Amino acid sequence: MHLIFIAIDVILVFVLIWFFIRNIQLNHALKEKNLQLEATIMELKAAHVKLMESGKKGAVAALSAGLLHQISQPITAIHGFVRFMKKEMDINSPFYKPVCVMDEQSFYIKDMLANLMELIRHRKIQKTQTNINAVIYKSINLLLDELRIRRIGWDMQLYDQIPFILGDALHLQQVFMNLVVNAMEALSEMPHGAPRTLLVSSKYDIENHQAVIIFKDNGPGIAHEHQAKIFDPFFSTKTQGSGIGLALCHDLVNEHGGSINVQSNEEGTTFTVKLPCVRLDTINQELSHEAS
């Protein structure tokens with residue numbers, strides 16, 4: 001009889017051990033399932049954010065196309081009227097030269113609006129070997145008159161040994177012009193008589209094989225709580241801003257495989273654009289990938 005009780009005790013001990021081990025296994029399995037569930041929830045949230053961003057970008061494109069269409073109509077009419085005046089005017093008239101300037105500028109605006117419309121409608125990047133400094137020069141030159149009118153002292157310090165990038169010069173030009181216009185608007189808020197400066201520089205980050213383009217102004221700066229949202233569609237720190245420009249800049253730079261960020265304080269704002277340079281032996285491979 002004593003042996004029977006010992007056997008029963010041994011069996012009970014084994015049963016208790018089995019339940020203990022099984023409990024540990026179930027707890028471990030439950031923790032794994034919880035981790036998997038948390039990961040799934042995070043993926044769903046990320047997918048939701050992507051869908052939201054996709055919807056915002058679609059709305060941005062639609063709104064921008066509508067605005068450009070409304071603006072282009074009066075510009076086209078003005079350009080046609082100015083060309084008519086120029087054709088009918090005596091070249092010795094004191095007003096002939098100003099009318100010629102109006103003709104050139106209205107054509108430039110009309111052409112730029114057409115390019116912007118093409119950019120927003122098709123959104124297709126046409127990449128070629130691009131000299132990034134040449135794009136910067138052109139972007140600044142197109143805005144020289146506006147810089148002078150706003151009495152902004154500007155300077156370019158461009159490093160001339162930057163390798164080619166594989167990019168769309170027109171799209172990048174729009175990015176750089178947008179950043180300059182953004183700086184001009186910020187500098188316009190400076191007190192009357194205060195110095196207004198804009199420095200545009202480029203350099204080559206040899207370690208990361210990147211072209212780095214920097215737009216630095218001495219404007220009033222962007223509030224810290226706004227800096228994280230500055231590239232969000234429809235977000236703007238301006239009372240009449242649409243919040244489209246910087247969102248498009250961010251989108252286009254990303255499509256070039258680059259990055260754009262902002263640093264700002266009470267002494268001014270700096271936008272930094274980084275774009276990957278392409279080695280000659282990889283250009284054909286990249287172009288083939290884009291074509292496919």
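Is Glu146 buried, partly exposed or exposed? Glu146 counts as partly exposed, because its relative accessibility is 30%. This is a predicted model, and the legends below take it view by view.

**View 1. Arg150 and Glu146 form a salt bridge.** The side chains of the two residues meet at 2.8 Å, N to O. Arg150 has a relative accessible area of 24%, so this residue is partly exposed. Glu146, at 30%, is also classed as partly exposed.

**View 2. Arg148 and Asp145 meet in a salt bridge within helix 4.** The N to O distance is 3.4 Å. Helix 4 covers residues 144-149. The partners are three residues apart there, so about one helical turn separates them. Arg148 is exposed, with a relative accessible area of 54%. Asp145 is partly exposed, at 43%.

**View 3. A salt bridge joins Lys86 to Asp103.** This is one of three salt bridges in the structure. Its side chains meet at 3.3 Å, N to O. The pair links distant parts of the chain, 17 residues apart. Lys86 belongs to helix 1 (residues 2-88), and Asp103 to helix 2 (residues 96-122). Lys86 counts as partly exposed, at 27% relative accessibility. Asp103 counts as buried because its value, 12%, falls under the 20% cut-off.

**View 4. Five strands make an open sheet.** Their order is 2-4-5-7-6, and the pairing is mixed. Strand 2 and strand 6 (259-265) stand at the edges. Each has a single partner strand, so one side of each lacks a neighbour in the sheet. On average, neighbouring strands are turned by 15° against each other, direction ignored. Helix 3 (residues 132-141) packs on this sheet. Helix 3 touches strand 2, strand 4, strand 5 and strand 7 (268-276). Its direction makes about 170° with that of strand 2.

**View 5. Strand 4 and strand 5 run antiparallel.** Strand 4 spans residues 197-205, and strand 5 spans residues 210-217. Eight bridges join them. Ser202 has Ile213 in strand 5 as its bridge partner. Helix 5 (residues 169-187) lies across strand 4, strand 5, strand 6 and strand 7. Helix 5 runs at about 20° to strand 5.

**View 6. Gly153 sits in strand 2.** The strand covers residues 153-158. Gly153 counts as partly exposed, because its relative accessibility is 38%. Beyond its neighbours within four places in sequence, Gly153 contacts Arg196, Thr197 and Leu198. Gly153 and Leu199 are 46 residues apart in sequence. In space, their C-alpha atoms are 8.5 Å apart.

Conventions
Residues are numbered from 1 along each chain as its sequence is written. This is a predicted model: local features need pLDDT of at least 70, side-chain atom pairs count only at pLDDT 80 or more; totals for chains, interfaces and linings use all residues. Side-chain values use heavy atoms; hydrogens and water are left out. Helices (H or I, at least four residues) and strands (E, at least two) are DSSP runs, numbered from the N terminus. Buried means under 20% relative accessible area, exposed over 50%, partly exposed in between (1.4 Å probe, protein chains only). Contact means heavy atoms within 4.5 Å. Two strands pair if DSSP finds at least two bridges between them. Axes are lines fitted to C-alpha atoms, for helices over the stretch in contact, and angles run from 0 to 180 degrees between N-to-C directions. A salt bridge is a side-chain nitrogen of Lys or Arg within 4 Å of a carboxyl oxygen of Asp or Glu.
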